Amino acid sequence: MDHRRTPLFTALKEHAAKNPVQFHIPGHKKGMGTDAEFREFIGDNALSIDLINIAPLDDLHQPTGVIEESQKLAADAFGADYTYFSVQGTSGAIMTMILSVCSPGEKIIVPRNIHKSVMSAIIFSGAKPVFVSPARDENLGIDHGITTKSVQRALDRHPDAKAVLVINPTYFGVCANLKEIVDLAHSRHVPVLVDEAHGVLIHFHEDLPMSAMEAGADMAATSVHKLGGSMTQSSVLNLNTKNGYVNPQRVQTIISMLTTTSTSYLLLASLDTSRRNLAINGHDMAQKTIELAQKARRSINEIDGLYCFGDEILGGEATFDYDPTKLTIHVRHLGITGYETENWLRDHFNIEVELSDMYNILCLVTPGDNEETVSILLEALRKLSETYYNVNTANELIVKIPEIPQLSLIPRDAFYGDTEVIPFKESAGRIIAEFIYVYPPGIPILLPGEVISQDNIDYIVDHVDVGLPVKGPEDRYIQNVKVIVETDPIF
């Protein structure tokens with residue numbers, strides 16, 4: 001296919017050049033009706049293609065023209081049979097995957113360290129999650145993915161599971177053997193869904209981990225915006241239909257149900273053009289990014305008190321491969337937390353990092369970086385080391401988490417059930433009706449339908465008391481929690 005073409009973006013430019021008189025939404029009408037300061041900042045070119053699904057521009061909900069052409073080009077670029085554009089981010093694509101294969105009461109095998117969109121889809125679908133614990137890295141205080149052995153145990157115990165969901169790569173760039181997991185699941189006639197939010201570049205370079213489509217997975221939700229150059233909130237859903245486990249027509253129906261009818265043509269155009277860039281230049285872009293990141297990694301490991309893992313992490317079942325463009329920088333030996341490091345870098349060097357936890361920060365090196373941006377990061381890290389190394393006492397690395405609680409109700413039944421609010425510290429033994437996530441290590445501690453244990457309460461309270469962020473519940477201070485009403489028996 002001719003990847004120099006951008007069917008949608010070209011159609012948008014040609015339509016804007018005709019300067020049509022618009023009697024349709026959006027109401028700003030090429031910027032004439034928008035705020036003057038905003039218009040000046042954004043520019044008339046962008047506003048001129050902020051359009052709606054009129055006939056010349058096709059319709060994302062039932063594409064037959066330039067959007068369909070653009071999606072076919074994207075499928076070719078990503079090695080997929082079908083590709084669907086998502087303007088609801090990768091969250092929308094992930095929810096589409098699950099809702100396409102799971103019906104109420106059916107089981108899906110998922111890692112415990114899932115993105116919240118997975119649990120949202122489980123609630124919407126009425127599916128029953130079978131949780132698999134990710135492998136924990138006791139040296140870094142982070143979690144990797146689920147392993148082939150853990151998936152096999154889950155399938156042995158739950159042969160009626162309708163799907164297996166895998167994160168590849170993890171947020172920190174680490175991968176288990178995806179091909180092995182896919183082959184195992186397919187031998188049991190179970191489809192594999194992949195959260196590939198952090199893996200768009202892996203499609204375009206042989207030195208990066210294997211992509212979901214290459215591994216033979218059935219569906220993969222891929223964030224083009226995270227690392228591939230498109231605008232925030234734009235992603236793709238890639239399908240492999242060769243094994244017959246997914247129905248592309250049903251997938252189109254589901255993603256349409258989850259997508260706004262006012263689809264952003266700015267986002268769609270950025271997907272179209274980013275596909276062109278990746279298809280033509282992706283290998284060179286990835287090569288330069290890898291070289292830049294590896295150079296930064298070597299320099300970071302020469303700085304006192306800092307450690308950035310590389311090839312030496314490989315060799316375990318959960319650490320089969322990794323993406324070197326992710327710089328996970330371990331700061332524990334400086335005697336400060338990752339959270340404190342993030343704030344220090346912001347305050348002193350105007351640097352924003354991707355993620356921080358108790359012991360680490362995560363910095364992404366992308367095709368948008370160069371020697372200058374990486375030099376600024378290295379300068380800041382050297383100053384950080386001078387400020388804290390051998391001044392503070394290194395923090396003790398403690399990685400503990402309560403056992404996965406008992407799932408007493410399907411999450412949807414708990415989420416929509418009769419509830420009451422009670423003091424959190426008095427909630428042991430009750431069934432929770434909302435989410436509680438604690439970071440680190442990024443694993444949800446309690447999900448709707450699970451029985452709260454005293455260990456859960458103690459763990460969460462300890463984290464709240466030291467000021468670590470707790471997310472999910474309606475009461476952001478975790479004084480109270482929403483639980484299922486326990487009704488008295490009738491005799």
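A residue is termed buried when its relative accessible area is under 20%, and exposed when that area is over 50%. By this criterion cysteine 363, at 8% relative accessibility, counts as buried in the present structure, which is a predicted model.

Cysteine 363 also bears on the question of covalent cross-links. The structure holds zero disulfides. A disulfide requires a pair of cysteine sulfur atoms within 2.5 Å. The cysteine sulfur closest to that of cysteine 363 belongs to cysteine 308, and the separation of 8.5 Å is too far for a bond. Cysteine 308 likewise provides the closest cysteine sulfur to cysteine 175; here the distance is 16 Å, so a bond is again excluded. Cysteine 175 is itself buried, its relative accessible area being 2%.

The interior was next examined for nonpolar cores. The largest of these contains 32 residues, of which Leu12 and Leu268 touch the most other members. At least two residues of this core are supplied by each of helix 1 (7-17), helix 4 (66-78), helix 10 (224-227) and helix 12 (265-300). The greatest contribution is that of helix 12, which gives nine residues. A second core, separate from the largest one, comprises 31 residues, including Ile98, Val118, Phe131 and Tyr437.

The surroundings of leucine 268 were considered in further detail. When neighbours within four places in sequence are left aside, leucine 268 is in contact with Leu8, Leu60, Ile67, Phe85, Val87 and Thr263.

Nonpolar side chains also occur at the surface. Phe38, Phe41 and Ile42 together make a nonpolar surface patch of about 350 Å². Within this group, phenylalanine 41 lies in helix 2, which spans residues 36-42. Phenylalanine 41 has a relative accessibility of 73% and therefore counts as exposed, since the threshold for that class is over 50%.

A further exposed nonpolar residue is valine 391, with a relative accessible area of 57%. Valine 391 is placed in the loop that runs between helix 14 (371-388) and helix 15 (411-415). Although valine 391 and leucine 334 are 57 residues apart along the chain, their C-alpha atoms are separated by 7.9 Å.

Conventions. Residues are numbered from 1 along each chain as its sequence is written. This is a predicted model: local features need pLDDT of at least 70, side-chain atom pairs count only at pLDDT 80 or more; totals for chains, interfaces and linings use all residues. Side-chain values use heavy atoms; hydrogens and water are left out. A nonpolar core is a set of buried Ala, Val, Leu, Ile, Met, Phe, Trp, Tyr and Cys residues joined through side-chain atoms within 4.5 Å. Buried means under 20% relative accessible area, exposed over 50%, partly exposed in between (1.4 Å probe, protein chains only). Helices (H or I, at least four residues) and strands (E, at least two) are DSSP runs, numbered from the N terminus. Contact means heavy atoms within 4.5 Å. Patches are made of residues with over 30% relative accessible area and no salt bridge: like charges are joined within 9 Å, nonpolar side chains (Val, Leu, Ile, Met, Phe, Trp, Tyr) within 5 Å. Accessible areas come from the Shrake-Rupley method with a 1.4 Å probe; for residues, only the protein chains shown count as cover. A salt bridge is a side-chain nitrogen of Lys or Arg within 4 Å of a carboxyl oxygen of Asp or Glu.
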